[in-house]
Amino acid sequence: MIVLGIESSCDDTAAAVVENGRVVLSSVVSSQDRIHARYGGVVPELASRSHIEAIVPVVEEALARAAASLDDIHGIAVTQGPGLVGSLLIGLSFAKGLSYVKGLPLVGVNHIESHPYAAFLAEKGEDREVPSFPFVSLIVSGGHTTLMYFEDYTKYKILGQTLDDSAGEAFDKVAKLLGLGYPGGAVIDALAKEGSSQAITFPRPLLGKGNLDFSFSGLKTAVLTHVRSLGGPPSEAHLKDIAASFQEAVVDALVTKGLWACRDAGVRDLVVAGGVASNSRFRSRLTEMASKEGLKLFIPAPKYCTDNAAMVASLGTRLLENGSFAGLELNALPTWEGF
Ligand code: KG4
Ligand code: ZN
C-alpha cells in the first residue's frame, strides 16, 4: 500500500510517499523557521499563510521524488491535530480535496501519536530493525513531552506528560533569554559541546520518585535567575557552560523518566521521538542508559525526529489497514482532548 502523508500542524509544510507504512519513497519538508525567527516564536497567521503557498509545491515535489503520480497512491493520511487550527486546516482541506477528486481513501492522524512511527521508517533497500510491541515511547517535541505505552499499532495509553512547558519549549525559551534566536534547541546543542555540564547545578525536575510527569518551567526560571545574578551578559565561555548545564538537567529528567516508564511497564523496547530527540547529548545519554539497563533503544534519524509527513503516512497506513476511513466532514482537532 502506497500512502501520501500530509503534515501542516505547526510551522512545517510536509508531504511524503511511504510504501507499506515503512519504506520512505520521498519525504519533503518546507520549514518556516526563517519567517518566524524574527518574532522569537511561531506567529499562527503567518504560519497558515505560508502553508497555503507551500502545500502544492511540497506535495508535487514529494510525488516527483517518489517517481509517482496520484494514480500510484492508494490512500491519503493527513495530520488532524493537535496543532494550530489555521495551519491544520490547510493540510486537511488540501487532503480532502485530493481524496474527493481522485476517489482515494482518507484518514486523519494524531500528530503526537505519529511521532514514534518514525522508528518504523526505512530508506529504500535499508534493512533496519523495528521496535516490537509492546513498547514505551518518549515523545519530546516543541509542543509535547509525553510518555506513552503502545500495546499495538493503534492501541496506546498515556503514562505521563508535561505539567507546564514541553522540553522543546524549555530549549527555545532558554535560547531566547540567552539571546541565541529561535528555534533554540539545535543552537544550545552545538554550544553545549564546548561547555561544562557540571559548571552550574540547575534543578532536576523529577517531581518525586516514580512520577512519570514532567515539569520544565522551574528549570527555565532557574536559568533566568542565574543569568540575572551575573549583573551583565555572560562571557562566551560562561554562555557555553550555561547551555551545557541547562541541557544536562533536561536530559537527566528525560532519561530518568524514560527508564522508570520501561521498568514500570515491564518492557524492553524504548522508542524516543520528536524534535528534541535529535539532540546529540540526549542521544548519547540514552544509548549509554539503554546498554547499561539492557533496553533496546530506537531513535529515528534526526530528519524523522523533527516534524515530517513520513511518520504521518506510516501511522495512516496502519489506520487504513484497520478500516479507519474519514469522510469529507473530517475537521481539525487543535487539542489532544478533542481526539
Ligand atoms: O517535533 P518538532 O519538530 O515539532 C513539534 O511537533 O513541536 O520539535 C521542535 C522542537 C523545537 O522546540 C526545537 O528547539 C527542538 O525540537 N529541537 C531540539 C534540537 N533540534 C530541534 N532541541 C534540542 N536539541 C536539538 N538538537
Ligand atoms: Zn511534532
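Two short exercises on a pocket and a ligand follow, each with a worked solution.

This is a predicted model, in which local features need pLDDT of at least 70, side-chain atom pairs count only at pLDDT 80 or more, and totals for chains, interfaces and linings use all residues. Residues are numbered from 1 along each chain as its sequence is written, chains are lettered from A and ligands numbered from 1 in the order written, and side-chain values use heavy atoms, without hydrogens and water.

**Exercise 1.** Describe the lining of the largest pocket.

*Solution.*
- Step 1: fix the term. On a 1 Å grid over the protein atoms alone, a pocket is an open set of points where a 1.4 Å probe fits, with protein on both sides within 12 Å along at least five of seven lines; lining residues have an atom within 4 Å of a point.
- Step 2: find the centre. The lining has 46 residues, and Asp11, Ser141, Gly142, Gly143 and Asp307 lie nearest the centre.
- Step 3: sort the lining. There are 16 nonpolar, 19 polar and 11 charged residues. Gly counts as polar; Asp, Glu, Lys and Arg count as charged.
- Step 4: check the domains, whose bounds come from an automatic or database assignment. Domain 1 (2-121 + 304-338) and domain 2 (135-299) each give at least three residues.

**Exercise 2.** Which residues surround ligand 1 most closely, and what polar contacts does Asn279 make?

*Solution.*
- Step 1: list neighbours (a heavy atom within 4 Å). Of 20 residues, the closest are Gly142, Asp172, Asp189, Gly275 and Asn279.
- Step 2: look for polar contacts (N or O atoms within 3.5 Å). A side-chain N or O atom of Asn279 lies 3.0 Å from a nitrogen of ligand 1. A polar backbone atom of Gly275 lies 3.0 Å from an oxygen of the ligand.

Notes: A polar contact is a pair of N or O atoms within 3.5 Å; within protein, one must be able to donate a hydrogen and the other to accept it, and residues adjacent in sequence count only if both atoms are side-chain atoms.
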